[in-house]
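Q: Please take a close look at one buried helix of this model and at what surrounds it. I would like a connected account rather than a list.

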Amino acid sequence: MTNKLKIDRKFMPLLATVGVFALLYLYGFLQYKGMRQPQAFFNLFINNAFLLITSIGMTFVILSEGIDLSVGAVIALTSVASAALLENYGMNPVLVIVLMLLMGTLFGGIMGAIIHFFKVQPFIVTLAGMFFARGMCFFISLDAIPIKDPLYRTMALTRIQIPGFERAFLSLSAVIAIVVLIVGMYVAHFTRYGRSIYAIGGNEQSALLMGLPVGRIKVSVYALNGFCSALAGIVFSISLLSGHGLYAVNVELDAIASVVIGGTLLTGGQGYVFGTLFGVLVTGLIQMLIQFNGELSSWWTRIAVGALTLIFIGVQSLFTSRRKKRQALGRASLIDVEAKTAVPMEDKLTTGSA
Amino acid sequence: MTRSRFSWHQLRDSQLFWPLLALALILLFNLFFTPGFYNVEIKDGHLSGFLIDILNRGSILMLLATGMTMVIATGGVDLSVGAVVAISAATATVLINPALATELISSEELIKDVTSTPLWMCITAALLIATLCGLWNGLLVSRGKIQPMVATLVLMVAGRGIAQLITHGQIITVYYTPYFFIGNGYLLGLPFPLFIAIFVYLCTWLWARRTAFGMFVESIGINAQSSFLSGINEKNIKLAVYTFCGFCAGIAGLIYSSNVKSADANNAGLNLELDAILAVVMGGTLMSGGRFSLLASVIGALVIQSTTTTMYAIGVPAMAASAIKGLVVLVVILLYSEQTKLVLTRVVERVGARS
C-alpha cells in the first residue's frame, strides 16, 4: 500500500500535466466546434514538431542539471545556413541536412566542453553561444532567404494519412518529432547512457565516484541537444520554406517551460521524456485555444505559459523541500531508515503471493 | 624591485583592472580603425560624437548593471530586467498618451504636445510597477525558495505579455516634450541619462559600502547558510536586492522609452538582460556570488556599449554584432576562470617537462 502511494508521488508531476492537458482539451472540445475534429489534435503535433524535438534535447540537458539557452538561436542559424547553402550555392539537400546536423552537434559539443573543462556555469556559456549563433545568422544573410529546393518542397507538402481516421493526417515533420520522442524515451529510460545522465543530474560527485565517465557524458548531452536543435531547425525551415535570423526567437524559453511543465525537475536527475511531450502539447494547446477564442490576443499565450510554468515550479520546489525534510529525518533516526528498507521487503512478499 | 612587483600584483588583482584594460583595448582599436571616433563637437549647444553616444546609450546599461551586480553578488541572477524595461516603458507611455491605447482618436489629438497624466505621476507609476516586478521576483526567490534563474525566467516569459497587455498590443508613440528630457535631454553639455545613471550608482554605492548592507550581500553570496546562522536576515536582503534591481530596470525603461519616444512591448529592452549580466561578469563579479564591485560593473557596461558602438561604427550590421559580442564574452569568462589558469599551468608544465 505504502509503496503504491510512493509510485504515485513519483509520477505525480507527470500525471498533473496529463490532467491539465486533458482538462484543457475537454474545455476546448466542448467550447469550440473546430476542436472536435480529430485533425485538431494532430495539428498540435504538426504545429509544434520543432518545439517537441528541441524540448526533448533540452530534457536531457536539464536532467543532467544543466541548461541550454542557445537552442532558439541554433534553430535560426540552421534555417539560415541551410537556406543559403541550398539557394545561393545549389548544394545537394541531403548533404545540407547532414552538414547542418553535424554543425549543431559540434556547436553543442563545444559548449559542453567549455562547460565541463573550464567549469563555467552552463547558463552563461550557452548564453554566449546564443549570442554567437544569432549573430552568425546575420553574417550569412540580413534578409529572409526563401527555399525553393524540390526535396524540401515535397517534404513540406507530404501528408501522412493516419489509419483509422478518415481525414486526419500528420506532416512529415510531426512524424520526425514522434520518432525523436520514441528514441529519446528509449535512450533516457532503457540505456546505460540514459541512466548515467540521471545519475549525474542526481549527484555529479557520486556519479564520478561510481566510475561514470562524467565528462564524456556531460559534453555529449550538450552535443545531443545541439543535434536536436539542428534537427528542429531543419524541420522548422521545411515547414516555413525559408530561413531568417529572427526566426524562433524565445524558443529556448518555450522549450524550458515545456520541460518544466512536463514534470522534469530543474535541479536535475528527475523527470520523464514522455512528460516533455505533454509539456509541449499543453503549450501548443493554450496557443490553439487562444486562436480558437479569437478575442484574446496572442500575448495571452506568453502570460498563460509563464503562469503555468510558475505553478509547476512552485509544486516542484514544494516536493523537493518536503523530500529534503524527509531525507533529513531519515538521517536523523535509524529506525526510520529501517522502516524504509522494510517496506520493499513486505511488498516483495505481497507481490510474490499475488 | 619587489615594491613595484607588489603594486603590479595589487593592480592586477583589483577588480577594476580587467574591465579597464578591456575598455583601453577597445578605445585603442578605435584609435586605429575607426576614423572620427574621437571627434567631439558641439551641436545645438551640447556635445556630440561617438564617445558621447556611448555615454548616452551606455547609461541604460549602467543602471541595469548596478542593480544586477547586487543580485549576482547574492549568488542569484535576474533574467527579467529586459521584460521589466518593457513594462515600465509601456506604463509610462500609456499614461502620457491621451488615447490610453483603448480608443481610436484623431491623429491631430494624438500628436498634441500634452499628457493625459501629470509627468510625475507617469514616472512614479512606471517606477512603482517596475519595483513591484522586482518585489515579485524577490518573493519567489527568498520566500518561494525557487532557483533565481527559474524564478526570474517566469517574469521574462510572461513580462512581455504583460507589457503587451498594458499597451494593448500597439506600439505607443508619445509627443510630450517634457518627457523627452529624461532620455534626450542635455545637462552641462552631457546627456541627461548619464547623470541619472551616475546618481543611482552613487546612491547604491553609499547604500552598499557606507552601511553594512554590501557586506551582508557578499556574505550571502559566499555562503547563505552560514550567513543565516550568523544572524543575517538572508531572506529580506535577497528581497531587497531583487526589488532594487526591478527599480533600476524601471528607470532604464523610462530612459529607453523617452529616448526612442515610444514603447514597443516586443522589442523594448530586448536582450538587455544579457548585456547587463555580461557587464557584471566583465566587471569581475563571479556568477556564484560573493565579492562585488559596482564601479567595475559600470565600467563593464561601458565596455559592452563601446564594443557595440564600435561595431556599428565599422559597419557591422546591428544584429550580426551579437556574434562578436558572444565571442568576446566567452573569452572574458574563460580569462576569469580559475580552471583556465589551472589548465594553462598544466600545459606549460607539460611542455617544460618535454623540452
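The account below starts from the helix and moves outward to its surroundings.

A: This is a predicted model, in which local features need pLDDT of at least 70 and side-chain atom pairs count only at pLDDT 80 or more, whereas totals for chains, interfaces and linings use all residues. Residues are numbered from 1 along each chain as its sequence is written, and chains are lettered from A and ligands numbered from 1 in the order in which they are written.

The part in question is helix H13 (272-282) of chain B; helices (H or I, at least four residues) and strands (E, at least two) are DSSP runs, numbered from the N terminus. Eleven of the eleven residues of H13(B) are buried, so this helix is largely enclosed by the rest of the structure. A residue is buried if 20 or more other C-beta atoms lie within 10 Å of its own, exposed if 12 or fewer, and partly exposed in between, with C-beta atoms placed from the backbone. The buried residues include Leu272(B), Ala276(B) and Met282(B), as well as Glu273(B) and Asp275(B). After the helix comes Gly284(B), with a positive phi near 90 degrees.

The buried residues of H13(B) pack against H6 of chain A and, within chain B, against helix H2 (17-33), helix H3 (50-73), helix H4 (81-96), H14 and H15. Two residues are in contact if their C-beta atoms, placed from the backbone, lie within 7 Å. Leu64(B) touches both Leu272(B) and Ala276(B), along with Val81(B), Cys248(B), Ala249(B) and Ala252(B), leaving aside residues up to four places away in sequence. Leu64(B) is also one of the three residues, with Ile53(A) and Ile87(B), that touch the most other members of the largest nonpolar core, which has 213 residues. A nonpolar core is a set of buried Ala, Val, Leu, Ile, Met, Phe, Trp, Tyr and Cys residues joined through C-beta atoms within 7 Å.

H13(B) also takes part in a contact between domains. Chain B is assigned domain 1 (56-315) and domain 2 (323-350), the bounds coming from an automatic or database domain assignment. Their C-alpha centres lie 30 Å apart. Six residues of domain 1 and seven residues of domain 2 form the contact. On the domain 1 side, H13 and helix H14 (294-313) of chain B give two or more residues each, and H13(B) has the largest share, three residues.

The helix lies at the chain interface as well. There, 37 residues of chain B are in contact with 36 residues of chain A. H13 is among the helices of chain B that each supply at least two residues to this side, together with helix H7 (148-167), helix H15 (321-336) and helix H16 (338-354). H7(B) gives the most, twelve residues.

The chain A partner, H6(A) (residues 122-140), itself packs with helix H5 (residues 93-117) of chain A at an angle of about 145 degrees, with the axes 9 Å apart. Axes are lines fitted to C-alpha atoms, for helices over the stretch in contact, and angles run from 0 to 180 degrees between N-to-C directions. In this packing, Phe107(A), Met111(A), Ile114(A) and Ile115(A) of H5(A) meet Pro122(A), Val125(A), Thr126(A) and Gly129(A) of H6(A).
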